[in-house]
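Let's walk through this structure together, starting with the whole chain and then moving to a few residues worth finding on your screen. Keep the viewer open as you read.

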Amino acid sequence: MWCGAVWRLKVVDEHRAEYFIIMAWMLWNRRNLVRLNRPAQTLEYITRAAGNFLQDFLKAQEPVQVTRQAATVHHWCPPPHARFKANFDGAVFQSSNEAGIGVVIRDHRGEIIGSLSLHMPLPPTVAEVEALACCRAVLFAKELCLHEVLFEVDSQIVINALADGRAEQSTYGHIIVDILYEAAQLSFSEFVYFNCNCNRVADAMAKKAKPGLEFQVWLEDIPEEFVPLVLADIS
């Protein structure tokens, strides 16, 4: 199966070894899930997912233009007065074939407007996890009746896709379309890439997602264990 998939993959020769490694890793994880009688993806799914994973990885290695401000700011900054900032992130739990999403929205004083943690089955690629997290952040802002929102994320792939449509032919292109559609209904919206140090709270919320607690929301609050991270951002 992997041999045929490697030769069908539209990448240059030097990437076929990487594809084989990714395929072997996914097959090994699938074998462990089957051995433990846990749900596992089909072999056809793994073939496709391995190719998407490699292509997303290669895209992430492409040089990107970063503004002077983005290069020098390494801590979370509050949004301007009367606007809100939504940080979001995704977490991958490869051993259980699951993923998590975390979103936290704060005002210009750094106070929590709302936060959420969402558990879900693992999508085909890491980039799709980040795209789903972005979509959920936009929907959450609308549910909280916020009108002017900055969306901040540490995934350059998603930011690029939103900026220039690079994901139109990808497996998550429809998610990008949904994000742009929902964001267009806000009075103001902007998607900004920042260093991962600015996204620690959302990252922790994503990792909190657990089976049995598929969707948790805190209004004007956040789980107590993450309060130190919030305070560190505004200190």
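What follows is a short tour in running text, from the overall fold to individual side chains.

First, a word on what you are looking at: this is a predicted model. The chain has 235 residues, and 48% of them count as buried. Its secondary structure comes to 9 helices and 6 strands. The accessible surface amounts to about 12400 Å², with 57% of it belonging to carbon and sulfur atoms. If you take the contacts between residues at least 6 apart in sequence, 71% of them join residues at least 24 apart.

Let's go inside, to strand 4, which covers residues 148-153. Is this strand enclosed or open? Of its 6 residues, 5 are buried, so strand 4 is largely enclosed by the rest of the structure. Strand 4 runs parallel to strand 1, and 4 bridges join the two. Strand 4 is also joined to strand 5 (residues 188-193) by 6 bridges, again in a parallel arrangement. To find the pairing with strand 5 on your screen, look for Glu148, whose bridge partner there is Phe188. For the pairing with strand 1, look for Asn87, which stands opposite Glu152 in strand 4.

Asn87 deserves a pause. This residue sits in strand 1 (residues 84-93). With a relative accessible area of 1%, Asn87 falls under the 20% cut-off and therefore counts as buried. Which side chains does the side chain of Asn87 meet in polar contacts? One is that of Trp76, at 2.9 Å, and another is that of Glu152, at 3.1 Å. Leaving aside residues up to four places away in sequence, Asn87 touches a set of residues that includes Gly102, Val103, Val104 and Arg106, and also Cys198, Asn199 and Ala202.

Glu152 leads us on to charged pairs. Side chains of opposite charge can pair when their charged atoms come close. A search of the whole structure finds 10 salt bridges. One of them joins the side chains of Glu152 and Lys85, with 2.9 Å from N to O. Because Glu152 lies in strand 4 and Lys85 in strand 1, the pair ties together parts that are 67 residues apart in sequence. Are these two partners buried or exposed? Glu152 has a relative accessible area of 3% and is buried, and Lys85, at 6%, counts as buried too.

Another salt bridge is formed by Lys142 and Glu182, whose closest N and O atoms are 2.4 Å apart. This pair links distant parts of the chain, since Lys142 belongs to helix 5 (residues 126-143) and Glu182 to helix 7 (residues 173-183), 40 residues apart. Lys142 counts as partly exposed at 26% relative accessibility, whereas Glu182 is buried at 18%.

Now turn to helix 8, residues 200-208. Its buried residues are Val201, Ala202, Ala204, Met205, Ala206 and Lys208. They pack against strand 1, strand 2 (98-106), strand 3 (112-121), strand 6 and helix 9 (227-234). Helix 8 also holds a salt bridge of its own, between Asp203 and Lys207. The closest N and O atoms of that pair are 3.1 Å apart. How far apart are the two along the helix? Being 4 residues apart, Asp203 and Lys207 are separated by about one helical turn. Asp203 is partly exposed, with a relative accessible area of 23%, while Lys207 is exposed at 53%. Salt bridges with shared partners also join Arg106, Arg200 and Asp233 into one network.

From helix 8, look across to Glu225, in the loop between strand 6 and helix 9. The side chain of Glu225 makes a polar contact with the side chain of Lys208, at 3.0 Å. Glu225 counts as partly exposed, at 48% relative accessibility. The C-alpha atoms of Glu225 and Ala204 are 9.6 Å apart, with their positions 21 residues apart along the chain.

Let's finish on the surface. Phe215, Val217 and Leu219 form a nonpolar patch there, with about 280 Å² of accessible area together. Val217 lies in strand 6 (residues 215-219) and counts as partly exposed, at 38% relative accessibility.

Definitions and conventions: Residues are numbered from 1 along each chain as its sequence is written. This is a predicted model: local features need pLDDT of at least 70, side-chain atom pairs count only at pLDDT 80 or more; totals for chains, interfaces and linings use all residues. Side-chain values use heavy atoms; hydrogens and water are left out. Patches are made of residues with over 30% relative accessible area and no salt bridge: like charges are joined within 9 Å, nonpolar side chains (Val, Leu, Ile, Met, Phe, Trp, Tyr) within 5 Å. Accessible areas come from the Shrake-Rupley method with a 1.4 Å probe; for residues, only the protein chains shown count as cover. A salt bridge is a side-chain nitrogen of Lys or Arg within 4 Å of a carboxyl oxygen of Asp or Glu. Buried means under 20% relative accessible area, exposed over 50%, partly exposed in between (1.4 Å probe, protein chains only). A polar contact is a pair of N or O atoms within 3.5 Å; within protein, one must be able to donate a hydrogen and the other to accept it, and residues adjacent in sequence count only if both atoms are side-chain atoms. Contact means heavy atoms within 4.5 Å. Two strands pair if DSSP finds at least two bridges between them.
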